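Trainee: Could you take me through one part of this protein closely, and then follow its contacts outwards into the rest of the chain?

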Amino acid sequence: MASPRDRTATDRRTESDRLDPFASGIDRRRLMRSSAAGASAAVAGCLGDGAAVEREPTVYVFNNGDRTVTVVDAERDEALETVHVDTTASFPANQYGTGADSEYDVLWLNVDGGVAALDAHTLEEVARVETGFEPNYPNLTPDEEHLLVAAGGTTTLDPDPESDGADESDESAAAEDHAIVRIDADRDGDTFGEVTEEIRTGYTGPCDATLDPGGEYAFVPEIAAERLRVVEVDPFETAAEVDVGEPAGDGQVLPFMATASFDGDLLLVENGEGALGPDPEVPREGSESIWDVSTPTEPVELERITRSDGLPATPITSEIGPECETGYLFTPDAEAVTVLDLEDREVDRVLDVGGSAISGAWGPRREKLYVPVQTANRVAVVDHARREVVATIDAGESPTGAVGGMVRPETSADQRLRAALAGLGLEFGEREATACPDGNCYCG
């Protein structure tokens, strides 16, 4: 069994580079917004810790700015409470474990240097896995047995195009290898939260791991290698490697994030389209690729949608509708969610969400998409049938990631009180550093 590595200097950022949402002191707007929450938390501390846990459609929104979680009622689209958890996530992963019939009760987060698991009943940490890399992009298998993590992510240097990365015979170079990690996600098992297998990829920048609905294959975009890797889940091994082809313009394609459809036929891949490094002569244009993965080990690109096709900005991540005819792209530079018609393979419409959003999550019934809007401290709710924003929900400071579930947490008075204090701009607790220095934790 492979063991995680220690983080190297190139994979770690200094503390001075990290986001400090409290750098300007206590904010009057947050003070006004938090005063009622503080009073409620104080009263709750006298009355006890609340009612018993209920199984109801719920969305958990992770607020990167103050290390809190906003618990949302996904039936009424109302924020129930915001509680402090000391950590945060940009891309919490439970794509298949969020359905209305799922009884899975763990929330997996991409945290600084690895992944962590929160108990959905209490929002307390129950597992943590160090991968050896700051950026991590996880996804849960549909059978809820394994968590796959693309670890290493962000790259800034162009590797030797004739090589997969570092020569493993050179110890110092091999330390730069990235990895795809499989973790035991079965909470009832003896090895829950332990690394069970690892694939070293070289310095390729594996940026995401999305799974087919059968849970047999994962698709991993590798930004520096300019390819799509297909990984068989069990046995854990590379099943195929596919070159992503030529860029639409200058530079490189730069595939970095991906989402598989619920029927297993299609894959959306977000591309940087430009220069891997900060080359001002080759601007990042971005593009979206639609792949046929009905034969998982033989992916075929069907279409690449670019700015000339109506794409308003570089897509960061995506979600696919339950009937697999619609794609939703999170295009933060346009402060919008871009809707794709996957049958006609074209941009259908652009939804204004009133700020920057890099990700979203389906509610348990997959009827509505919940989009954390970082710069507006709220969540935009997109009705899938109508393909429009139908509600907004107040959240904590800089909401960034979200995930759905069926557990309504029984939180503590302490968690609520700490959230109220964090809402005032007070810094306390462990305040685990985010791997995202600007709050936007995405590969590439």
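Mentor: What follows begins with one helix and then moves on to salt bridges, loops and surface patches. Please keep in mind throughout that this is a predicted model.

The part to look at is helix α3, which spans residues 413-423 and has 8 of its 11 residues buried, so the helix is largely enclosed by the rest of the structure. The buried residues are Ala 413, Gln 415, Arg 416, Arg 418, Ala 419, Ala 420, Ala 422 and Gly 423, a list that holds two arginines along with alanines and a glycine. Leu 417 also lies in helix α3, but it counts as partly exposed because its relative accessible area is 38%, and buried would require a value under 20%. Together with Leu 421 and Leu 426, Leu 417 forms a nonpolar patch on the surface, with about 200 Å² of accessible area for the three together. As a rule, residues three or four places apart in an α-helix point the same way, because such a helix has 3.6 residues a turn. After α3 comes Gly 425, which has a positive phi, near 95 degrees.

Among the buried residues of the helix, Arg 418 deserves a second look, since its relative accessible area is 17% and its side chain forms a salt bridge with Asp 86, with 3.4 Å between the closest N and O atoms. This pair links distant parts of the chain, for Arg 418 sits in helix α3 while Asp 86 sits in the loop between β3 (78-84) and β4 (106-111), 332 residues away. Asp 86 is buried as well, with a relative accessible area of 18%.

That bridge can be set beside others, as the structure holds 23 salt bridges. Glu 56 and Arg 408 meet through their side chains at 3.6 Å, N to O; Glu 56 belongs to strand β1 (residues 54-63) and Arg 408 to strand β27 (residues 399-408), so this pair ties together parts that lie 352 residues apart in sequence. Here the partners differ in burial, because Glu 56 is partly exposed at 26% relative accessibility, whereas Arg 408 is buried at 11%. A further bridge joins Asp 234 and Arg 182 at 3.8 Å, N to O, and it ties together parts 52 residues apart, since Asp 234 is in the loop between β13 (227-232) and β14 (237-243) and Arg 182 is in strand β9 (residues 178-184). Asp 234 is exposed, at 57% relative accessibility, while Arg 182 is buried, with a relative accessible area of 9%. Through shared partners, salt bridges also join Glu 56, Asp 73, Arg 76, Glu 78 and Arg 408 into one network.

Some loops complete the view. Gln 374, in the loop between β24 (368-373) and β25 (378-383), is buried at 9% relative accessibility, and its side chain makes a polar contact of 3.3 Å with that of Thr 400. Asp 344, by contrast, is exposed at 51% and is placed in the loop between β21 (336-341) and β22 (346-352). With Glu 323, Glu 325, Glu 343 and Glu 346, Asp 344 gathers in a surface patch of negative charge. Glu 281, in the loop between β16 (266-271) and β17 (287-292), is likewise exposed, at 66% relative accessibility, and its C-alpha is 9.3 Å from that of Gly 251, a residue 30 positions away in sequence.

Note on methods: Residues are numbered from 1 along each chain as its sequence is written. This is a predicted model: local features need pLDDT of at least 70, side-chain atom pairs count only at pLDDT 80 or more; totals for chains, interfaces and linings use all residues. Side-chain values use heavy atoms; hydrogens and water are left out. Patches are made of residues with over 30% relative accessible area and no salt bridge: like charges are joined within 9 Å, nonpolar side chains (Val, Leu, Ile, Met, Phe, Trp, Tyr) within 5 Å. Accessible areas come from the Shrake-Rupley method with a 1.4 Å probe; for residues, only the protein chains shown count as cover. A salt bridge is a side-chain nitrogen of Lys or Arg within 4 Å of a carboxyl oxygen of Asp or Glu. Lys and Arg count as positive and Asp and Glu as negative; His and the chain ends are not counted. The place of a charge is taken as NZ of Lys, CZ of Arg, CG of Asp or CD of Glu. Helices (H or I, at least four residues) and strands (E, at least two) are DSSP runs, numbered from the N terminus. Buried means under 20% relative accessible area, exposed over 50%, partly exposed in between (1.4 Å probe, protein chains only). A polar contact is a pair of N or O atoms within 3.5 Å; within protein, one must be able to donate a hydrogen and the other to accept it, and residues adjacent in sequence count only if both atoms are side-chain atoms.
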